[in-house]
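Please open the model in your viewer and keep the sequence panel beside it, as this tour moves from one selection to the next.

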Amino acid sequence: MYDIENYKIKARPVILALESSCDETACAIIRGREVLADAIISSADTQALYGGVVPEIASRAHTDAVDEVVRRALAQAGLRSADIDAVAVTYGAGLLGALLVGLSFAKSFAFALNVPLIAVNHIRGHIAAAYLEDINLEPPFITLLASGGHTAILHTKSYSESEVLGSTCDDAVGEAFDKVARVLSLPYPGGPNVQKMAEGGSFCVPLPSALVRHGDGMTFSYSGLKTAVINYCHTLEQKGQRVNKHDVAASFQKAAIDPLVIKTVESAEKLGIKTITAGGGVVANDYLRSTLSAMCESKGIKLVLPAKRRCTDNACMIAAEGLNMYLSGKFAPMSVNAKAAIPLR
Ligand code: KG4
Ligand code: ZN
């Protein structure tokens, strides 16, 4: 019988985490904040054939990979199932069928081991990735969240509370990278290919800033920026002129990222907070990493930037947030369900 009523919380638990919200089937194992295993099986190459993530293909790929990725993680960590103290899993947001594969596996695993199940919000996982980068990191800090689904600057006040200081009113920054990649006929995944195309490009293409409102409640917009890129390319094509893809990619990258970096650092200064962290796939972008690092250094602000592999989807970040929730006893019932969308509060 599943019974965790009298479960005793440990100070440095061994947590096995699963992530399957999009096209990566990932499993990680941590002991406290120490990473023991980090396994990922990606279906990105298959998805690339279709120019983007096809939900049914993602679900099938997770079904094929989930058993193997857990086996790999246990082998990497040199552990047996019986050594696991809790199972954390992404329950949303993401593709419903994809989430259900990881969630069903995690439920059965926790049930069989009679250990707590921890249902993790994917976005809170991106925020928590920084805790593994610096094992002494403690809130408060300012977080720049930049992924394919979210763009926000947050005041992370405690292990469980993040206040949104500013966010996008339309597309997410990663989504804009992916759409601009399509305009420039670059293959999936868009973000890394726009970054590559931006190499050697100049910032000569006039584009609007992604920041549309300053002051209290900063607002970003990426839909207008994307449309400006489309209009610029179409106008040149109609005139029979060649589009310099390097310049377009470099100018877009700068217009998309500069306001996020500037406003993140300004937010920390305004609130007198001495530490900045970042998370989400776009934080793997080299231009973002170097501009944010340089600005933090010039202002004497400590920056905790997760490794690139921990910015894009992975299970270590789910384990990190799982640990925060474990330590405050936030366990999920076996009836927990997957959620396609969870609002960012
Ligand atoms: O966090 P993530 O892996 O998935 C979501 O939770 O959305 O983020 C994926 C997004 C995609 O839009 C992808 O194009 C973008 O992150 N991305 C990048 C880079 N690597 C991934 N964008 C810009 N430059 C990159 N190097
Ligand atoms: Zn993500």
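The stops below begin with the ligand and its surroundings and then turn to some details of the backbone. Bear in mind throughout that this is a predicted model.

Select ligand 1 first, and display the pocket surface with it: ligand 1 sits in the largest pocket. The helices that each give two or more residues to the shell around ligand 1 are α4 (122-133), α5 (173-183) and α6 (190-198), and of the elements it is α5 that gives the most, with four residues.

Next, colour domain 1 (14-128 + 313-327) and domain 2 (138-310) separately; because both of them give residues to the shell around ligand 1, the ligand lies between the two.

Now show the side chains of the shell. Of the 20 residues around ligand 1, those that come nearest are His126, Gly148, Asp178, Gln195 and Gly281. By residue class, the shell divides into twelve polar, five nonpolar and three charged residues.

Zoom in on the polar contacts, starting with histidine 126, where a polar side-chain atom lies 2.9 Å from an oxygen atom of ligand 1. Move on to glutamine 195, whose side chain places an N or O atom 2.9 Å from a nitrogen atom of ligand 1. At glycine 281 the partner belongs to the backbone instead, with a polar atom there 2.9 Å from an oxygen atom of the ligand. With a surface drawn over the protein, you can judge the extent of the enclosure: the protein covers 85% of the 550 Å² of accessible area that ligand 1 has on its own.

Leave the ligand now and select prolines 139 and 140, which are joined by a cis peptide bond with omega near 5 degrees; proline 140 lies in the loop between α4 and β6 (141-146).

Then go to tyrosine 188 and proline 189, where the peptide bond from the tyrosine to the proline is also cis, with omega near 0 degrees. Proline 189 belongs to the loop between α5 and α6, two of the helices that contribute to the ligand shell.

Finish at asparagine 114, which has a positive phi of about 55 degrees although it is not a glycine. To find asparagine 114, look in the loop that runs between α3 (96-113) and β5 (117-121).

Methods: Residues are numbered from 1 along each chain as its sequence is written. Chains are lettered from A and ligands numbered from 1 in the order in which they are written. This is a predicted model: local features need pLDDT of at least 70, side-chain atom pairs count only at pLDDT 80 or more; totals for chains, interfaces and linings use all residues. Side-chain values use heavy atoms; hydrogens and water are left out. A residue is near a molecule or strand if one of its heavy atoms lies within 4 Å of it. A polar contact is a pair of N or O atoms within 3.5 Å; within protein, one must be able to donate a hydrogen and the other to accept it, and residues adjacent in sequence count only if both atoms are side-chain atoms. Accessible areas come from the Shrake-Rupley method with a 1.4 Å probe; for residues, only the protein chains shown count as cover. On a 1 Å grid over the protein atoms alone, a cavity is a set of points where a 1.4 Å probe fits but cannot get out, and a pocket is an open set with protein on both sides within 12 Å along at least five of seven lines; lining residues have an atom within 4 Å of a point. A molecule sits in a cavity or pocket if more than half of its atoms lie within 2 Å of its grid points. Ala, Val, Leu, Ile, Met, Phe, Trp, Tyr, Cys and Pro count as nonpolar, Asp, Glu, Lys and Arg as charged, and the others, Gly among them, as polar. Domain bounds come from an automatic or database domain assignment.
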